[in-house]
Amino acid sequence: MVVFLYRPCFTSKSFSLWSYWRGARLDPINVVKKISIFGDPQVGKTALIQRFLFDRYGEDYTPTYGTSVYKKDVPVKDPSGATQGYKVTLLIWDMPGNKRYTVLHKAYYRGAEGGFVIMDAAEPSTLASVPEWVSLFREVVGPVPIILLVNKWDMVDKASYDMGPVRRVCKELDIGSMFSSGKSGENVKDMFLNLTEAILQVRPF
Ligand SMILES: Nc1nc2c(ncn2[C@@H]2O[C@H](COP(=O)(O)OP(=O)(O)OP(=O)(O)O)[C@@H](O)[C@H]2O)c(=O)[nH]1
Ligand SMILES: [Mg+2]
């Protein structure tokens, strides 16, 4: 029952005396969440992280070997304003896109509470790989929230882009989707915020 009382207000939508009491007395709730970023080589995984953390972008390509872990605090507001919301410390695990490292991928996914699977908007074969990436991730961590990022959105003609195949894959896998670009920065902050909120909905602590 205690767990129920401490559910974040934004999941219940309704105002409660408990949330008022908590908001009046407590600082933001601190939680740590691990997320994984995976997908084919060169789809822009590392570039998205670099943009999010350091607001920088480079044209050079250095493949990721092994893994790199980054840390960033993300504030999540309580829309009702009744509490101070959350301060979520994201541990962001960058993964190599090379599928030869499947054993490593499985080890690195352990403990993740959400994930981004990335495709290159201009390269349809990277969408074809998405089910395989998602299935391996879920094999290790179970049904946690996943968002498909249609990345390098700066490279395509947005007006004529056929979203049908992306929608079909997302429906089949029951995952969300967003456009993004590490180059222009489009949606980079929002994608991390959306995934963080989705994680908090299912695992508030
Ligand atoms: N136009 C464009 N190019 C991008 C974007 N993001 C990354 N790139 C370029 O794509 C190449 C690969 O980017 P990375 O971020 O290293 O790709 P990755 O997915 O981490 O690759 P691996 O580590 O090998 O799996 C680099 O040359 C980047 O400059 C983007 O949003 N738009
Ligand atoms: Mg990389």
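**Exercise 1. Work out which way each residue of strand 4 points, and whether the strand is buried or exposed.**

Step 1: sort the side chains. Gly 114, Phe 116, Ile 118 and Asp 120 point one way from strand 4, while Gly 115, Val 117 and Met 119 point the other way. That fits the usual rule: in a regular strand the side chains alternate between the two faces of the sheet. Strands here are DSSP runs of E with at least two residues, helices are runs of H or I with at least four, and both are numbered from the N terminus.

Step 2: check burial. A residue is buried if 20 or more other C-beta atoms lie within 10 Å of its own, exposed if 12 or fewer, and partly exposed in between, with C-beta atoms placed from the backbone. On both sides of strand 4, all of them are buried.

Step 3: conclude. Since seven of the seven residues of strand 4 (residues 114–120) are buried, it is largely enclosed by the rest of the structure.

A word on the model before going on: it is predicted, so local features need pLDDT of at least 70 and side-chain atom pairs count only at pLDDT 80 or more, while totals for chains, interfaces and linings use all residues. Residues are numbered from 1 along each chain as its sequence is written, and chains are lettered from A and ligands numbered from 1 in the order in which they are written.

**Exercise 2. Find the strands that pair with strand 4.**

Step 1: take strand 1 (residues 29–39). Five bridges join it to strand 4, and the two run parallel; pairing requires that DSSP finds at least two bridges. Gly 39 has Ile 118 as its bridge partner in strand 4.

Step 2: take strand 5 (residues 146–151). Here there are six bridges to strand 4, again parallel, and Met 119 is partnered by Val 150.

**Exercise 3. Place strand 4 residues in the nonpolar core.**

Step 1: define it. A nonpolar core is a set of buried Ala, Val, Leu, Ile, Met, Phe, Trp, Tyr and Cys residues joined through C-beta atoms within 7 Å.

Step 2: find the hubs. The largest core has 39 residues, and Ile 37, Phe 116, Val 117 and Met 119 have the most contacts inside it. Helix 9 (188–202) is among the elements giving two or more residues to this core, and it gives the most, with six.

Step 3: zoom in on Val 117. Skipping neighbours within four places in sequence, its contacts (C-beta atoms, placed from the backbone, within 7 Å) are Phe 38, Gly 39, Val 130, Trp 133, Val 134, Ile 146 and Leu 148.

**Exercise 4. Tell the two sides of helix 5 apart.**

Step 1: list the buried residues. In helix 5 (residues 102–109) they are His 105, Tyr 108 and Tyr 109. They cover an arc of only 100° around the axis (taken from the directions from the helix axis to the C-beta atoms), so they sit on the same side of helix 5.

Step 2: flip over. Val 103 and Ala 107, on the other side, are exposed.

Step 3: see what does the covering. Strand 1, strand 3 (86–94) and helix 7 (130–141) are included in what covers the buried residues.

**Exercise 5. Describe the shell around ligand 1.**

Step 1: find the nearest. The shell takes in residues whose C-beta atom, placed from the backbone, lies within 6 Å. Of its 21 residues, Gly 44, Thr 46, Ala 47, Thr 64 and Gly 97 come nearest.

Step 2: trace the source. Helix 4 (residues 45–54) supplies the largest share, three residues.

Note on methods
Contact = placed C-beta atoms within 7 Å.
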